[in-house]
Amino acid sequence: MREINASIGTDKRLWRQDLAGSRAHVTMLGAQGIIPAADVTAILAGLDTIHAEYEAGGVPEDIALEDIHMTTETRLAQLIGPAAGRLHTARSRNDQVAVDFRLWVKAACAQTDAGLKALTLALLARAEEHADTIMPGFTHLQVAQPVTLGHHLLAYVEMLRRDRSRFADAAARMDECPLGSAALAGTGFPIDRAATAAALGFARPTANSLDSVSDRDFALDYLSAAALTGLHLSRFAEEIIIWASQPYGFVTLPDAWSTGSSIMPQKRNPDAAELVRAKAGHLLAAFQHLGIVMKGLPLAYSKDMQDDKAGVFAAHDTLDLCLTAMTGMTETLTFNKDRMRAAAASGFSTATDLADWLVRDAGVPFREAHEITGRAVKAAEAAGTTLDGLTDAALAAIDPRITPGVRSVLSVEASVASRTSFGGTAPANVRAAIAAAREALA
Ligand code: ARG
């Protein structure tokens with residue numbers, strides 16, 4: 001029973017939040033005249049001693065004491081005697097754990113946000129460096145149209161911007177204090193919930209005592225934001241893995257962010273990126289796990305809810321590590337511009353530019369221009385050359401409206417420079433988007 005019942009091994013991580021909650025609670029009990037001032041003083045001093053002990057030597061793990069709440073209260077009684085028994089007046093472990101965990105997750109939102117911001121800054125720096133660098137844009141992993149590398153990296157900046165807004169939303173939503181809900185029904189003592197909420201840095205107390213002790217939405221909000229962030233990091237990791245492969249050769253990983261092989265001396269494997277890709281699975285699963293724990297629980301507290309923390313702690317640590325690794329790789333990757341440009345020019349990637357030119361400069365309806373361009377691609381393919389490699393005569397033979405003026409749009413440079421529509425890939429757009437993103441960050 002003790003073994004299955006105990007959570008100290010996991011919830012010891014809440015010790016700072018647990019002490020903070022107890023300080024706020026006992027101070028309020030004193031101010032409201034619910035317990036004597038001398039006992040408040042003794043309890044606060046005891047809590048300070050425990051703080052120093054945990055900080056110096058860690059939290060003792062005795063499974064007979066079940067959890068962090070009982071561990072601390074037991075130690076308090078050893079230190080100050082029977083007055084310790086007054087701390088739990090008008091409180092239950094149900095609201096105690098709810099407030100501890102909320103405090104922890106709220107801080108985690110801020111910490112994760114800092115990691116997301118660091119990666120965003122790294123992406124912006126590389127995007128600026130490569131605002132003009134040309135690479136192939138893909139659909140179906142087939143070369144589609146040339147894009148700028150800066151634009152491609154800014155796509156991830158957008159994903160991270162949404163991720164940050166999800167953590168910010170979650171933090172704002174969980175900014176309500178459940179302390180004082182007691183076991184489930186509230187209490188008959190004249191407590192001041194607004195005071196404890198304010199002391200703990202919450203915007204306000206929660207409104208319904210039953211909801212307060214049975215709600216774990218804040219943890220699910222954190223996990224859902226973490227799952228989506230993990231998904232984004234995994235897609236970026238996947239691209240780094242593909243780009244670093246020899247047939248692509250778009251990037252070279254530094255030694256610091258790659259590993260060798262125990263048998264093949266030439267190897268430089270993208271292990272960190274591969275592990276980020278794998279760890280995204282844990283993040284997605286953590287949300288699913290807690291959703292499954294919660295979905296069948298009647299109000300209010302059930303012990304199932306003790307199993308809410310391990311997944312959240314692990315998800316937080318995993319995400320933190322993944323963000324650090326992705327930031328490190330982003331900062332130190334070498335982009336092989338020649339390989340990228342050559343690949344961008346392959347696969348008739350400027351065919352759309354030819355079709356658009358026929359529409360714009362020769363007045364051809366787009367569908368017809370699309371068909372003419374298709375014939376030009378076939379001709380180039382048959383001649384073993386690129387669209388730009390076809391002679392003026394060969395182009396005119398495909399359609400007399402294709403005049404030598406078309407050459408101004410057939411290069412990959414001309415292609416990307418022309419994409420100036422809002423949100424498009426042109427270098428000028430990339431620079432403007434970087435400036436806007438930096439301003440939003442500041
Ligand atoms: N260790 C418990 C948890 O984390 C604390 C709440 C216990 N409440 C109770 N009624 N047994 O959920």
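Leu-141 sits in the loop between β1 and β2 (142-148), and its backbone takes a turn that stands out a little: phi is near 60 degrees, a positive value in a residue other than glycine. The model is a predicted one, and Leu-141 is a handy place to start on its backbone. Ala-90 tells a similar story, with a positive phi of about 60 degrees although it is not a glycine. This alanine belongs to the loop between α5 (68-80) and α6. Ala-90 counts as buried because its relative accessible area is 9%, and the cut-off for that label is under 20%. A further backbone feature turns up at Leu-299 and Ala-300, which are joined by a cis peptide bond with omega at about 0 degrees. Ala-300 is placed in the loop between α11 (271-294) and α12 (309-332).

Next comes the ligand. Its surroundings are made up of Ser-7, Asp-11, Asp-67, His-69, Arg-93, Asn-94, Val-97, Tyr-301, Lys-303, Gln-306 and Lys-309. Sorted by class, that shell holds two nonpolar, four polar and five charged residues. Which helix gives the most to the shell? That would be helix α6 (residues 93-129), with three residues. Several polar side chains come up to nitrogen atoms of the ligand. For Asn-94, a polar side-chain atom lies 2.8 Å from a ligand nitrogen. In the case of Gln-306, an N or O atom of the side chain is 2.8 Å from a nitrogen atom of the ligand. Ser-7 also takes part, with a polar side-chain atom 3.4 Å from a nitrogen atom of the ligand. As for cover, the ligand taken alone exposes 340 Å², and the protein buries 86% of that.

Lys-309, one of the residues around the ligand, also has a ring to deal with: it lies over the face of Phe-101, at 5.7 Å from the ring centre. Phe-101 in turn belongs to a cluster, in which ring pairs link it with Trp-104, Phe-218 and Phe-313. Another lysine does something of the kind elsewhere, as Lys-106 lies over the face of Phe-202, at 4.6 Å from the ring centre.

The aromatic pairs come to eight in the count. Trp-15 and Tyr-54 make up one of them, with centres 5.5 Å apart and 85 degrees between the planes. That pair is edge-to-face because the angle is over 60 degrees. Trp-15 comes from helix α3 (residues 15-31) and Tyr-54 from helix α4 (residues 37-57), so the pair links distant parts of the chain, 39 residues apart. Both Trp-15 and Tyr-54 are buried. Phe-138 and Tyr-248 form a tilted pair, 6.2 Å centre to centre and with 55 degrees between the planes. Here too distant parts of the chain are linked: Phe-138 is in strand β1 (residues 134-139), while Tyr-248 is in the loop between α10 (217-244) and β5 (251-252), 110 residues apart. Is Phe-138 buried, exposed or partly exposed? Phe-138 counts as partly exposed because its relative accessibility is 26%, a value in between the cut-offs of under 20% for buried and over 50% for exposed.

Two polar contacts bring arginine side chains into the picture. Asp-353, found in helix α14 (residues 351-362), has a side chain joined to that of Arg-419 by a polar contact of 2.9 Å. At 5% relative accessibility, Asp-353 counts as buried. The other contact, of 2.8 Å, joins the side chains of Thr-206 and Arg-193. Thr-206 lies in the loop between β4 (204-205) and α9 (209-214), and with a relative accessibility of 6% this threonine counts as buried.

Gly-57 rounds things off. This glycine is found in helix α4, the helix that also holds Tyr-54. Gly-57 counts as exposed because its relative accessible area is 66%. Between the C-alpha atoms of Gly-57 and Gly-85, which are 28 residues apart along the chain, the separation is 25 Å.

Key: Residues numbered from 1 in each chain as written. Predicted model: local features only at pLDDT ≥ 70, side-chain atom pairs only at ≥ 80, totals over all residues. Heavy atoms only, no water. Phe/Tyr/Trp six-rings, centres within 6.5 Å; stacked < 30°, edge-to-face > 60°. Helix = DSSP H or I, 4+ residues; strand = E, 2+ residues; numbered from the N terminus. Buried < 20%, exposed > 50% of the residue type's maximum accessible area, 1.4 Å probe, protein only. Lys NZ or Arg CZ within 6 Å of the ring centre and 35° of its normal. Near = heavy atom within 4 Å. Polar contact = N/O pair within 3.5 Å; in protein donor to acceptor, adjacent residues only side chain to side chain. Areas by Shrake-Rupley, 256 points an atom, 1.4 Å probe, with all protein chains shown as cover. Nonpolar A, V, L, I, M, F, W, Y, C, P; charged D, E, K, R; others polar.
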